[in-house]
Amino acid sequence: MKPIEIIIVIAAAAIVIAVAVCGIIRKKKGKTGCDCGCSDCPYHGACASKKKEKKDLPQK
């Protein structure tokens, strides 16, 4: 392999790892996948942040 090919492979691997790490960090913070709000989302009922909010509500 030429040096440029090695650099390209390392850069591509770094991008993939960065995306995975960012996804893990967002999930640990409890954020949703898109951060665009749930009002227009067809899956707003299955949203993890909405389920968390429902659990936090006091029971009557």
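This passage describes the fold, the first helix and a surface patch of a predicted model.

The chain has 60 residues. Its secondary structure consists of two helices and zero strands. Few residues are shielded: 5% of the chain counts as buried. The accessible surface of the chain amounts to about 5700 Å². Carbon and sulfur atoms account for 67% of that surface.

Helix α1 covers residues 3-29. The helix contains 27 residues. From the first C-alpha of α1 to the last, the distance is 39 Å. This is close to the 39 Å expected at 1.5 Å a residue. G30 follows α1. The phi of G30 is positive, near 85°.

M1 sits in the segment before α1. The relative accessibility of M1 is 71%, so the residue counts as exposed, the cut-off being over 50%. M1 also belongs to a nonpolar patch on the surface. The other members of this patch are I6, V9 and I10. Together, the four residues M1, I6, V9 and I10 have about 430 Å² of accessible area.

Conventions:
Residues numbered from 1 in each chain as written. Predicted model: local features only at pLDDT ≥ 70, side-chain atom pairs only at ≥ 80, totals over all residues. Heavy atoms only, no water. Patch = residues over 30% accessible without salt bridge, like charges linked within 9 Å, V, L, I, M, F, W, Y side chains within 5 Å. Areas by Shrake-Rupley, 256 points an atom, 1.4 Å probe, with all protein chains shown as cover. Salt bridge = Lys/Arg side-chain N within 4 Å of Asp/Glu carboxyl O. Helix = DSSP H or I, 4+ residues; strand = E, 2+ residues; numbered from the N terminus. Buried < 20%, exposed > 50% of the residue type's maximum accessible area, 1.4 Å probe, protein only. Expected span 1.5 Å × (residues − 1).
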